[in-house]
Amino acid sequence: MKALIDRAALDARIAKLAEKHGGESAEFRKAAVEIFAEFLSRGAATARAALEEKGSGLACGAHLAYVEDEIIRAIHSCVVKYIHPSANSGRLCVVAVGGYGRGALAPGSDIDLLFLLPSRGHAAEEAAVESMLYLLWDLKQKVGHATRTVEECLRQAKADMTIRTTLLECRYLLGDRALLDTLLQRFDQEIVRTTAPEFVAAKLAERDQRVQRAGSSRYLVEPNVKEGKGGLRDLNTLFWIAKYAYRVQDADALVGVGLFSEQELRMFRRCETFLWKVRCFMHFLTGRSEERLSFELQRQIAAQLGYNTARDGLSGVERFMKHYFTVAKQVGDLTNIVCAALEERQAKPRAVFDRFVGKLRRRAKPRDLGPFALETDRVTVASTDVFDKDPINLIRLFSIAARNELPIHPDALRLVTQSLPRIDNRLRADPEANKLFLEILTNAKSSERALRLMNEAGVLGRFIPDFGRIVAMMQFNMYHHYTVDEHLIRAVGQMAAVDSRELIAELPLASSIMPTISHRRALYVAMLLHDIAKGRKEDHSIAGAEIARKLGPRLGLSEAETEAAAWLVEYHLIMSNIAQSRDLGDPRTIEGFAKVVQTIERLKMLLILTVCDIRAVGPGVWNGWKGELLRTLYWETEVVLAGGHSSVDRRRRVQKSQTELREKLPAWSDHEFADYAARHYPAYWLKVDLPHRIQHAQLLHASAVEMSSLATEVATDAFRGITELTVIAPDHPRLLSIIAGACAASGANIVDAQIFTTTDGLALDTISISRAFDQDEDELRRGKRIARAVEQALRGEIRLGDIVAAKAEKTPSHGETFSVPPDVVIDNSLSHMYSVIEVSGLDRPGLLYELTLTLSKLNLNIASAHIVTFGEKAVDTFYVGDLTGAKVVNPARQAAVRRNLMEVFNPKRKA
């Protein structure tokens, strides 16, 4: 270890320093700190080089711990020789505890130390401890420390689980070793020997709280490597619990006491080694104790670990993260093994087990257990050869558990994992096995729980090999919060919640139409398969439809059900895309969508699938705004599919819309209302709902708006998760660009823009921005600030270009982490009146402002704008016409529009 730190050379330099300055001088301490820092830095650099060359995180951690050990010993030697020579090192024991006590130290981790004294009253030793700490702090080290006697340690350990955990991992550094031996012997006999159930319960409850803080799923796409589910702290917790319950000193001993098999111990070591490697790289790359594996770090670490090339449709970074999530899943497997073993020893209360691995409520006496049995209200195997005798039991186990809403005993899950080779082509083709699986999938009460258990046990990926390809697969973008398999299982769970009437208040339309679905089984199959072809070179929707066509008959679906499932998979994105990026008031939008959907049954199924898909993407992705858009598209399309949409119908709808508003304005005279109604084109009456029509009428009437006037109004909408900014101003081509710029300068994110022009030349624009505050009072204050900025910008009182550019410079860019090729599509078939321009590319502050400014410079009027953001990707759609109101049809003109819009994404472009 001399290559890491030359202790003799270090001590010699400190001794020369003491001769020169004297041990008590400030000059000595300052120079000593510089020497310690030099050796510490050199040792860390050597450990990092070894990590980068050999790739062992645990070896790196051991190297760093060794360097720290020698630095602490050198500091102690310095203190007792030169600073406090009266201190008797024989009456003090310095102990490494916590993570440092395990003998592995991450680059940015705390240094946890216990200073053991035989008794209180040793002033010289306590002064030496204080000097050691000051030197460590001067080295910029984060030190957790305590100075206690043996009696104090034991007394506090009896009352505090954290201190008990700390004492589990004591490691001698220097001084009176007998003190530590006494402490550990008494700790084992007086505390550990009789309190295993209490300790296990506390650690598992603590683990639950920690995981909840870090994110309840082990499949979050930016996981916390230390604290998250499936991370290093889970492995630590398993070892603490096993060590406490079995009273062993190292992980290897867990095989001897029967907790792990040799294979499971190797899995434990592999998981620990991989997670340590990732964590060490994270700390080195950031220069701090960073524990969240962010998208930026994922790309860097993937390159460090050799994931440099794309393979099987996955980029290098996606391959690396698939490895990470596979490890996280294996940590979960080890967790279940430990829980089952501890319960056998009665070292763990039953209630804790249920909270830890998940509990399904029993509703009735279990029925049809077949070859299985009940053990403490959990389904388990009646004999260890149950899967050898009949491999169908590998599916039947989960079916019985789901049907009875019971959890499965970890012993049974462990045997399932060991029996996975039994799931072969013969079992996959077996009608009974497929019937049982379809029953599991369509069980509205417990499908999500059962599917997740099947996935974590490895059954789901073996039974449906195409599903196995996307297990632990992540998509390297900011939109999806979970791995593909976790997203699919959560989506099924959302559909099951709709099916079981749990979401009536949140999803009234989906809940009302779910009972009317004829092809319910096909809908569940489509939900499970809609993203199953992710990670392939071909379009995942088309490839997924082919998988559905092959799998449907195997699962027992009829020809009609199979085709319905395949159609849903192929078109699962269409309703969301159209709702968020098209003008739903344009008849061509509805007509085009209706031509694709063709039947009301498909429309109903597609709505439910779309809603559940979005809700399963991650927290905060679904909101009332998206729900409203989807409901509007649904109702408008249903009219067309039912044969009720015609020009006569549109005239009647305009008349009905005007009549509804007239009834809400009783104080207006007939003449006043007729004049007001004439100010709006038919599109306004068809697209705007009654509450907004009332608001607009009152705003226009009350403010007596003239051609030179300007008015703004702010309203919050908590249900839709937006704040609406209504702007009335003289119309001109740059109006939306100015509004977008003012919003960007104010930090507001526009999600939609509804744009109307009155017959007398006024623009009536409703801008929807994402909420920033939960409380309406706070959000209204923010909205009014944004409205003032819009008014100032429209009056020319502020320079938008400079402000937006400054705002963009202060905002972290996604450009170094993500690559989103820009694209511009001009389509004249999507609207009767307008050219539809869809622009997509890497999102950034001020992007909408620059796009709309470019369009105005091209002399294009924006009739409506629809802004969608999928994580780092922006997709903005504009309905435009030229200054005469015509479409952009000339090829040269279209080329110029594309060229100028693409230039907005050029990083060298001047603001």
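**Figure 1. The lining of the second largest pocket.** By class, 19 nonpolar, 17 polar and 11 charged residues make up the lining of the second largest pocket. This close-up, like those that follow, comes from a predicted model. The pocket holds about 1,300 Å³ of space. Its lining counts 47 residues, and those nearest the pocket centre are Leu 573, Asn 577, Phe 870, Lys 873 and Val 875. Helices and strands both take part: two or more lining residues come from each of helices H14 (316-344), H29 (574-581), H30 (587-597) and H31 (600-615), and from each of strands E11 (823-827), E12 (835-842), E13 (860-870) and E14 (873-882). If you would like one element to start from, try H29, which gives the most to this lining, with six residues.

**Figure 2. Phe 28 and Tyr 82, an edge-to-face pair.** A search of the whole structure finds 15 aromatic pairs, and this view shows one of them, Phe 28 with Tyr 82. The ring centres are 6.0 Å apart and the planes stand at 70 degrees, which is over 60 degrees and therefore makes the pair edge-to-face. The two partners come from distant parts of the chain, 54 residues apart, with Phe 28 in helix H2 (residues 26-54) and Tyr 82 in helix H3 (residues 57-83). Phe 28 is buried, at 0% relative accessibility, whereas Tyr 82 is partly exposed, with a relative accessible area of 22%.

**Figure 3. Phe 437 and Phe 463, a tilted pair.** Here the centres of the Phe 437 and Phe 463 rings are 5.5 Å apart, and the angle between their planes is 50 degrees. This pair, too, links distant parts of the chain: Phe 437 belongs to helix H20 (residues 431-441) and Phe 463 to helix H22 (residues 459-463), 26 residues apart. Phe 437 is buried, with a relative accessible area of 0%, and Phe 463 is likewise buried at 0%.

**Figure 4. An aromatic cluster, and two charges over rings.** Five residues join in one aromatic cluster: Phe 274, Tyr 307, Phe 320, Tyr 324 and Phe 325. Two further spots bring an arginine to an aromatic ring. Arg 279 lies over the face of Trp 276, 5.8 Å from the ring centre. At the second spot, Arg 490 places its charged end over the ring of Tyr 482, at 4.0 Å from the centre of that ring.

**Figure 5. Ser 261 in its loop.** Look for Ser 261 in the loop between helix H11 (253-256) and helix H12 (262-286). Its relative accessibility is 29%, so Ser 261 counts as partly exposed. Setting aside neighbours within four places in sequence, Ser 261 is in contact with Val 255 and Arg 414. Leu 764 is a long way off: it lies 503 residues from Ser 261 in sequence, and the two C-alpha atoms are 71 Å apart in space.

**Figure 6. Ser 315 in its loop.** Another serine, Ser 315, is found in the loop between helix H13 (295-304) and H14. Ser 315 has a relative accessible area of 26% and is partly exposed. Not counting residues up to four places away in sequence, Ser 315 touches Thr 309 and Ala 310. His 540 is 225 residues from Ser 315 along the chain, and 15 Å separates their C-alpha atoms.

Definitions and conventions: Residues numbered from 1 in each chain as written. Predicted model: local features only at pLDDT ≥ 70, side-chain atom pairs only at ≥ 80, totals over all residues. Heavy atoms only, no water. Phe/Tyr/Trp six-rings, centres within 6.5 Å; stacked < 30°, edge-to-face > 60°. Helix = DSSP H or I, 4+ residues; strand = E, 2+ residues; numbered from the N terminus. Buried < 20%, exposed > 50% of the residue type's maximum accessible area, 1.4 Å probe, protein only. Lys NZ or Arg CZ within 6 Å of the ring centre and 35° of its normal. 1 Å grid on protein atoms, 1.4 Å probe; cavity = no way out; pocket = protein on both sides within 12 Å on 5 of 7 lines; lining within 4 Å. Points joined across faces, edges and corners; volume = space filled by probe spheres on them. Nonpolar A, V, L, I, M, F, W, Y, C, P; charged D, E, K, R; others polar. Contact = heavy atoms within 4.5 Å.
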